[in-house]
Amino acid sequence: MKEFSKEVYLNWFEEMTKWRRFEEKARSLYLKDKIRGFLHLYNGQEAIAAGFTHAMDIKKDKIITSYRCHVHALAMGVTPEVAMSELCGKATGSSKGLGGSMHLFSKEHNVYGGHGIVGGHIPLGAGIAFADKYFERDAVTICYMGDGAVRQGTLHETFNMAMNWKLPVVFVCENNQYAMGTSVERTTNNLDIYQLGLGYEMPCAPVDAMNPETVAEAAFEAIERARRGDGPTFLEARTYRYRGHSMSDAEPYRTKQEVEEHKKEDPILFVKHKILSNGWSTEEELDAMDKKIKEYMNEVGNFAENAPFPEPNVMYDYIYSEPNYPFLDKFENQ
């Protein structure tokens with residue numbers, strides 16, 4: 001794995017700050033009714049995306065996730081302009097405005113969603129990994145999910161099949177401690193979610209997910225295991241979200257004091273402290289970078305606001321990816 005150098009930390013600070021400012025700009029546009037429907041922000045969880053993309057080969061490895069997906073798409077290389085356009089339902093978006101906030105896809109960047117059905121994407125992640133193994137593509141799929149999704153029966157079915165077939169997939173529970181407004185303590189007798197993998201003899205472990213280094217180390221070990229052909233791993237990335245479940249969440253289930261206490265472990269502050277303590281940059285230089293990113297996100301917002309909406313007929317053009325669907329003749333001849 002690439003070492004945690006000065007360049008890596010400066011890049012982490014820039015990217016993680018960019019992701020945070022992207023989400024804040026999206027929040028602003030939502031409050032102005034420029035983004036409609038639902039909006040789920042990633043603030044506080046940035047170390048997961050930073051650590052995993054550090055350990056991955058994003059040119060061939062793939063990701064699939066739930067509806068808190070904007071930052072994962074950005075981390076894989078989708079530009080802020082394209083991502084924000086998709087959130088605003090514009091033709092310049094990654095799915096021409098047809099997917100929106102919860103369904104960010106980009107085949108070009110190996111991003112397979114953005115899925116709104118809780119836990120519904122978990123077997124899809126295993127399916128992508130199955131295809132890669134079948135076609136010998138030497139790729140690994142990262143399947144992210146929330147702590148609420150691990151209560152779905154489909155997770156257990158998928159774990160069983162993934163272990164049986166030794167699929168090249170890493171399952172990651174982004175445990176931000178609340179499934180919508182319900183705490184983990186109220187939904188499970190065992191607070192160590194990672195131990196769900198033990199029933200399938202799947203390697204599993206908890207990870208401090210407020211630190212991109214610990215995430216990257218755990219991710220690299222799991223990814224290399226999968227790439228060797230030794231099968232899946234289940235990681236519980238222990239994190240915390242600073243915003244509500246969605247924009248409609250008034251957060252009556254937790255106190256402001258709790259949130260502020262967790263903000264002391266902010267992953268961006270961790271990275272910033274590491275940079276400053278090693279003399280890799282100055283406070284003034286990092287503040288200037290942040291200011292420049294804020295200005296850039298204003299430009300991103302303006303771009304998305306001014307971009308055209310898709311033509312109405314577009315929604316009928318992309319029901320199927322291709323007119324002559326493979327294997328269709330086999331079904332018709334049965």
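Partly exposed describes a residue whose relative accessible area falls between the buried limit, under 20%, and the exposed limit, over 50%. Asp192, with a relative accessible area of 27%, is therefore partly exposed. Keep that in mind as you look over this predicted model, where the topics below are nonpolar cores and salt bridges. A search of the whole structure turns up 20 salt bridges, and the largest nonpolar core holds 60 residues.

**Nonpolar cores**

- Within the core of 60 residues, those with the most contacts inside it are Ile35, Phe52, Met84, Ile142, Val170 and Ile223.
- Helix α1, spanning residues 6-31, gives the most to this core, contributing ten residues.
- Ile142 is a good place to zoom in: leaving aside neighbours within four places in sequence, its contacts include Phe52, Val170 and Ile223.
- Ile142 is also in contact with Met56, Lys62, Ile63, Ile64 and Val172, with the same sequence neighbours left aside.
- A second core, separate from the largest one, has 23 residues, among them Cys143, Ala149, Phe171 and Ile193.

**Asp266 and Arg20**

- A salt bridge joins the side chains of Asp266 and Arg20, at 3.0 Å from N to O.
- Asp266 sits in the loop between α8 (256-263) and α9 (267-277) while Arg20 belongs to helix α1, so this pair ties together parts that are 246 residues apart in sequence.
- Both partners, Asp266 and Arg20, are buried.
- Glu46 joins in too: Arg20, Glu46 and Asp266 are linked in a network of salt bridges.

**Arg227 and Asp61**

- The side chains of Arg227 and Asp61 form a salt bridge at 2.7 Å, N to O.
- This pair links distant parts of the chain, 166 residues apart: Arg227 is in helix α7 (residues 212-228), and Asp61 is in the loop between α2 (46-55) and β1 (62-64).
- Arg227 counts as partly exposed at 22% relative accessibility, whereas Asp61 is buried, with a relative accessible area of 0%.

**Asp192 and Arg238**

- Here is the opening residue again: Asp192 meets Arg238 in a side-chain salt bridge, 2.8 Å from N to O.
- Because Asp192 lies in the loop between β7 (182-183) and β8 (204-208) and Arg238 in strand β9 (residues 233-238), the pair ties together parts that are 46 residues apart in sequence.
- Arg238 is partly exposed, with a relative accessible area of 33%, and Asp192 is partly exposed as well, at 27%.

Definitions and conventions: Residues are numbered from 1 along each chain as its sequence is written. This is a predicted model: local features need pLDDT of at least 70, side-chain atom pairs count only at pLDDT 80 or more; totals for chains, interfaces and linings use all residues. Side-chain values use heavy atoms; hydrogens and water are left out. A nonpolar core is a set of buried Ala, Val, Leu, Ile, Met, Phe, Trp, Tyr and Cys residues joined through side-chain atoms within 4.5 Å. Buried means under 20% relative accessible area, exposed over 50%, partly exposed in between (1.4 Å probe, protein chains only). Helices (H or I, at least four residues) and strands (E, at least two) are DSSP runs, numbered from the N terminus. Contact means heavy atoms within 4.5 Å. A salt bridge is a side-chain nitrogen of Lys or Arg within 4 Å of a carboxyl oxygen of Asp or Glu.
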